[in-house]
Amino acid sequence: MSVAVEFEEVVKTYAVPRGTLRALDGVSMTIEQGEFFGLLGPNGAGKTTLISILAGLTRAASGRVRVMGHDVVDDYAAARRSIGVVPQELVFDPFFTVRECLRIQSGYFGLRRNDNWIDALLAGLGLADKGDVNMRQLSGGMKRRVLVAQALVHRPPVIVLDEPTAGVDVELRQALWGFIAGLNKQGHTVLLTTHYLEEAEALCGRIAMLKQGRVVALDRTANLLAGTASTMLQFKTDDALPPEVAARARITGRIAQVTAHDAAEVEALLGQLRRAGVRIEDLEIGRADLEDVFLEIMQRETVS
Amino acid sequence: MIRLEGARTLFAKEILRFWKVSVQTVAAPVLTAMLYLLIFGHVLEDHVQVFPGVRYTSFLIPGLVMMSVLQNAYANSSSSLIQSKVTGNLVFLLVTPLSHWAWFAAYVGASVVRGLAVGAGVLAVTVWFAPPHLEEPGWIIVFALLGAGMLGTLGLIAGLWAEKFDQTAAFQNFIIMPMTFLSGVFYSVHSLPPFWQAVSHLNPFFYMIDGFRRGFFGASDVSPWLSLAVVGGSFLAVSALALRLLARGYKLRT
């Protein structure tokens, strides 16, 4: 496979009141053509900054970024023709109808007669009856669909989605993923940032995790899931947990979740709870999901 | 070809943008200019004569036309850019392969169109008050185009620099408006004391209006060739600055 996106030692600094903030601290990674790639990380980790540099919206302090072999600074025109970006903010041009917006966006990319593809996009995104509606009159979910269509007018080989499902209802989320997964099957490379880890787990073949501007994990999703604590213990209790358990538990109201690597560790955990006299209800033992992996990696990185 | 089509699209979009709200962007400034003409023309008609044999109302019309051209050319590029920046939809343009030349040509071109549309509107309604003289029409076209181009470019620069609406408005109210009003829209600078005449000659807007008026009356305060040199030179200078800012992505690609 050949390379779709390449980040090479990307550094981005911002001036802050006392000194400079390193938003990206030497990020290097490669995304192959045809991949469905996830970029995860807590708020402020640098995900959007990285995507902005890729799209040419922001300039890196140092390092190189290439899209389909084109440098995003030196060969920006070819790089931008190769990429379609769905921005995180719900922005729109209030002067125009949906179809006008899509025609204008096509024109920017040099495409004069693009109505067949625009019709296909409108149909694929459930906007077929919205073509002549002014952008101002659309609901938030509909505006989000138009953002996706605008990013795809020039049929870019690389599609970048920055938190596309934030605040989006379940129906639209399903429809959107169906559509994007279809494009991925046709060979488009997809780069996704999301806060919904179950989405990333379901869709992404590979995942990079960013923290404080650095890549702290980069692997196949399956390997990430296998390589860390694989078992999840969940129970309800009204009692205080012993400190050695509380330190590693995720507690939401009465529910406590603790990860373990194997059966022996599960037994040890239950032993600790019994000795402390903690009465537990609704005990469940299951496989750890990406959220657990994510939290474990983020915690580990804090300690180290 | 792709770049030409991209620039053409942005140019057409910018025209469509103001045309969709033409009551505000074209009709309103025409009405404003007509009010100026009614009031100043009525009050000063019998008191002021600038050129021999030219009524004050006739003298005033070219100045009002040019003032409308300049203010609307400025308003078009500056308001479009700041609106796109504040609402965030400038991102649709930033992700495209359009070059800085394309941005410049499209924004300034659309500003020229709006400026000329308003100017033509003002001229059309003022014909009823005083039939226009058209002594040297070539100068009318040259100075209308250059003046609109220059103000469209200044609007582009202001739009790039500003982060809020009130900043483009401040640029308009504290720089563009005073320079326009002090350029001889309502009077000939020859009627000023020598000191203020000299000051007026430092204002490039004076040469735009004087050269433009030359086309109507065949008479002007300074040679139209001098005006052409000053206005042309100023246009080239602000264009070079605007192109440099666009190429650097000044306040666009941080």
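Here is a short chat about a sheet in a predicted model and the helices that pack on it.

Modeller: Residues count from 1 along each chain as its sequence is written, and chains are lettered from A, with ligands numbered from 1, in the order in which they are written. Since the model is predicted, local features need pLDDT of at least 70 and side-chain atom pairs count only at pLDDT 80 or more, while totals for chains, interfaces and linings use all residues.

Colleague: What makes β7 and β8 of chain A a pair?

Modeller: Strands (DSSP runs of E, at least two residues, numbered from the N terminus) pair if DSSP finds at least two bridges between them. Five bridges join β7 (158-162) to β8 (189-193) in chain A, and the two run parallel. A:Val158, for one, stands opposite A:Thr189.

Colleague: Why are β6 and β10 of chain A called edge strands?

Modeller: Each pairs on one side only. The open sheet's order is β6-β7-β8-β3-β9-β10 in chain A, with mixed pairing.

Colleague: Which strands does helix α1 of chain A touch?

Modeller: Helices are DSSP runs of H or I, at least four residues, and contact means C-beta atoms, placed from the backbone, within 7 Å. Helix α1 (47-55) touches β3, β6, β7, β8 and β9 of chain A.

Colleague: Why is α1 of chain A called largely enclosed?

Modeller: A residue is buried if 20 or more other C-beta atoms lie within 10 Å of its own (exposed: 12 or fewer; partly exposed: in between), with C-beta atoms placed from the backbone. Nine of the nine residues of α1(A) are buried, so the rest of the structure largely encloses this helix. Among them are A:Lys47 and A:Leu50.

Notes: Two residues are in contact if their C-beta atoms, placed from the backbone, lie within 7 Å. Axes are lines fitted to C-alpha atoms, for helices over the stretch in contact, and angles run from 0 to 180 degrees between N-to-C directions.
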